[in-house]
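Good morning, and thank you for making time for this presentation. I would ask you to keep the sequence and the structure in view while I speak.

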Amino acid sequence: MNQRVLELREVVKHYPSGGGETVRAVDGVSLTVSPGEFVAMYGPSGSGKTTLLLLAAALIVPETGSVLFDGCNVGELSERESARYRLRDVGFVFQSFHLMPNTSALDNATIKLTAEGLRLSEARRRARPWLERLGLGKRADHTPERLSMGERQRVAIARALVNEPRLLLADEPTGNLDSRRGRETLELLRDICHERNIPGLLVTHDPDARELMDRAYTLRDGHLTDSSDIAEPAAIVS
Amino acid sequence: MLFHLYRRRLRSHLAQELLAGSGIAVAVALVFGVLVANTSLTSSAGALIQQVVGSAHVQLTARSPAGFEQGLAGTVKRLPGVRSSAAVLRENVSVAGSRGATTVQMLGVTAGIVNLGSLGTKNFGAGGFRFSGGLILPAVVASAIGAEPGSRVTVLAAGGAHRVRVGAVLSGSLFGALTSSPVAIALLGVAQRLVDMPGRVTQILVQPRPGADRLVKGELLRIAGGRLDVTPADNELHLLDQAIKPNSQSTELFSAISVMVGFLLALNAMLLTMPERRRFVADLRMQGYDRRQVLLLISFQALALGIVASLVGVALGDALSSAFFHRVPTYLASAFPIGAKQIVHPTTVLAAFGCGVLATMLASLTPVLDLHEGRAVDAVFRESGGRGETINGRATRMLGIAGMASIAVVTAFVLITPGLTIVGGVALALTTLLLIPAMFAGIARALPWMGDHIRSSALVVAVSELRATSMRAVALAGIAGLAVYGSIAIGGARGDLIRGIDRATAQYFGTADIWVGTGEDIFNVNRFEPGHTAAAIARAPGVASVRSYQGGLLDVDTRRLWIRARPSQDHAMIEASQLLHGDLARATRLLRQGGWAAVSSGFADERHLHVGDAFSLPTPSRPPRS
């Protein structure tokens, strides 16, 4: 039985705000993402969407509740174990790409592989097929400055996938793309989740993404609801 | 991984790395230049003194350039326990060639010096100089006056001028410090004739047999009989250390300020790259790099940058030192044989290099703070202001309080112990830095108020920018503050020193319109018989009077004293500007009577003397006189 399931059980994460008040970023959220399932998370800015992703990536730990992946409570991992979890199990796609300037797309894609101790030539050999799959085969030697926004996002996706992760997390991956490029990117992420039979969790503002998702939720004031309230784009606060 | 990532960093942020590297290199250059200049002063003299004394351990030495009878050399040679010995005559003279003249120390030596391996004579068989009669000049002296082997130069000494052939010019590594020292070497007999000291020497260098040091010293003390000194062979170096103190103090202060300015410069250079470094570290951690890997990466990058920048800084500092800092004060050059050679000790290189690497490492610590357990991995992306470049209010208050407290403590210490003034000055400079964030915050608050009245949008933008990058602004303010402090403190101290020396010199030489003496002999220690010369000058038309002056250098304990005698007819016996204690008119009257002396405050403090007290000094050739 495939156990690559992301499971959040009654997860609570609060932040102190500047005025002495507490922001209930995530307030008792329970969610399960099964293998091969691509789930979207909607919600206004500050609703706790990104916090949910950070919890799933073990970048922060919940105050109460648990975050389980493959049966392991990632909130209880040591710093070294959680880094290893992110390196080997998680593919994290950021909205702002975080690519190194003046460094080729290929070398940008190898960053996780070199952390595992691979020689650069070997890391490049393993990263190149991902760039080709993402349509960047002929642009592999180009630096981010010479790539379009869509191409940069695809380099960031290649970087997240190059270690063949067992969990895909994406934080507003289409935020900087036009609608056509955005749709292509989401289709790509969904296909990868389906092909590789891995769970995927997406945070987005894009209402058009709904039809590409297996499921969608809305996070509001730290609470999770279903996606029925996803309406017109004008209703989304960004 | 480390090399690979740093190569990527260099490729992606070359300009920032160059900027940071340049800041560190300039800082190291500043520190290295000052340190080299400081050590070169004593080291060049030390290297020459070591070359002169060779393997000698002890010496019988005259307390003044007047020397003692050469016959003692034979007596010393025959003493039990003496392995070898050599008599030396040292006297300041002027040598003039086709290109100019310079003051050097004449070294009159005998063949016995070969047994001590002095003056590079251990290289005798490897092309070393031969005692061929004429003068042997170091390359630096020969070059300065335009002399070459076989040419003739004029030696001005003891009121006479002598044409002498240059037997050899010393250059190359065989003779080390000798090649750049202000000396002229001649056979003892030749030197005695040139300086008009027949049958006189100034020191006898002695190498005892193994285990016979105590025996030989006892015998030498017996021969000295209280009229000569028995000292370690390199005693002159200790005298120089004493004489150099006033100069060293200002150099030390300048070194300390340079270290601080250098560190802040390096820190500021690193701060410019810090936001981007922190974001890079956060990226890596979010991708799965653990703390150990990140720490290794930060350390490696800081180390690589620090090493390369510090190496460049050492090279720059070397040039800086020889071009700007290596200036020998005239009063030292006249009393000691200080060479022009720049001496670089391995410890100096290590100190400057270590400072550069350490500053880089310390300045690189900010991303390490992000590795703290309680800190969110992506904290840098959520900070307001200039992403990690702000100083929070609590830190500002704490630094301000610490600064005020430190100023109070340091001031109290300096008031209680004035001897700690220099240390206190450096400490105050440091503690003042602690106040800069508070002052900065005050100004940042005042500016918007001014903006309301001035209505300047540029002012508002400037204030916002300053607040967003307050750490960098504070570091810049620190550099500026220290630079101003350094220039005022050092410039002021040096200005005082120079003004004091100028005034004293003007008053000292103001007692006569024309002085006849040896060039650059500011202490008037080169002696000559005025006899015929004075009479001839007195007969010249328009000459009202001719008076004779005599100065001398006398080694007493750890000091080389400048003793000066002036004729009682002079209108001033001491310089008015130099009088610290006592009455000028009474002092002048007593000095004219004879049997009285005016002494420096340093000498008086050392011997706990007050006006009217009696003291005794060893005379050059007789027992102490009061």
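Let me begin with a definition: a strand here is a DSSP run of E of at least two residues, and strands are numbered from the N terminus. With that in place, the loop between β9 (215–220) and β10 (223–226) of chain A is where Asp221(A) sits. Please bear in mind throughout that this is a predicted model.

I shall stay with Asp221(A) for a moment. Although Asp221(A) is not a glycine, its phi is positive, at about 50°. Is Asp221(A) buried or partly exposed? Asp221(A) is partly exposed, because 13 other C-beta atoms lie within 10 Å, and the range between exposed and buried runs from over 12 to under 20.

A second residue of this kind is Glu10(A), which is not a glycine either and has a positive phi of about 45°. Glu10(A), however, belongs to strand β1 of chain A. It has 12 other C-beta atoms within 10 Å and is therefore exposed, the limit for that class being 12 or fewer.

Strand β1 brings us to the sheets of chain A. One open sheet contains four strands in the order β2-β1-β4-β5 (chain A), with antiparallel pairing. Its edge strands, each pairing on one side only, are β2 (22–33) and β5 (72–73) of chain A. Within this sheet, β1 (residues 6–16) and β4 (residues 64–69) of chain A run antiparallel and are joined by five bridges. Opposite Leu6(A), in β4(A), you will find Phe69(A). Helix α1 (residues 49–56) of chain A lies across β1, β2 and β4 of chain A, and it runs at about 60° to β2(A).

Another open sheet in chain A has six strands, ordered β6-β7-β8-β3-β9-β10 (chain A), and its pairing is mixed. The edges are formed by β6 (90–93) and β10 of chain A, each of which pairs on one side only. From one strand to the next, the twist averages 20°. As an example of the parallel sense, consider β7 (residues 167–171) and β8 (residues 200–203) of chain A, which pair over four bridges. Which residue in β8(A) is the bridge partner of Asp171(A)? The partner is Val203(A).

I turn now to chain B. Chain B has 20 helices and 13 strands, and 37% of its 626 residues are buried. Of the contacts in chain B between residues at least 6 apart in sequence, 79% join residues at least 24 apart.

Where the chains meet, 17 residues of chain B are in contact with 21 residues of chain A. On the side of chain B that touches chain A, α1 (2–12), α8 (245–287) and α9 (291–325) of chain B each supply at least two residues. That side is made up of five nonpolar, five polar and seven charged residues.

Finally, the nonpolar cores. In soluble globular proteins, nonpolar side chains tend to be buried together. The largest nonpolar core here comprises 120 residues, and those with the most contacts inside it are Leu131(A), Ala158(A), Leu169(A) and Val28(B). Helix α8(B) gives the most to this core, namely 16 residues. Beyond its neighbours within four places in sequence, Ala158(A) is in contact with Ala109(A), Ala127(A), Trp130(A), Leu131(A) and Leu134(A). Apart from the largest core lies another, of 64 residues, including Ala47(B), Val153(B), Val155(B) and Val169(B).

Note on methods:
Residues are numbered from 1 along each chain as its sequence is written. Chains are lettered from A and ligands numbered from 1 in the order in which they are written. This is a predicted model: local features need pLDDT of at least 70, side-chain atom pairs count only at pLDDT 80 or more; totals for chains, interfaces and linings use all residues. Two strands pair if DSSP finds at least two bridges between them. Two residues are in contact if their C-beta atoms, placed from the backbone, lie within 7 Å. Axes are lines fitted to C-alpha atoms, for helices over the stretch in contact, and angles run from 0 to 180 degrees between N-to-C directions. Ala, Val, Leu, Ile, Met, Phe, Trp, Tyr, Cys and Pro count as nonpolar, Asp, Glu, Lys and Arg as charged, and the others, Gly among them, as polar. A nonpolar core is a set of buried Ala, Val, Leu, Ile, Met, Phe, Trp, Tyr and Cys residues joined through C-beta atoms within 7 Å.
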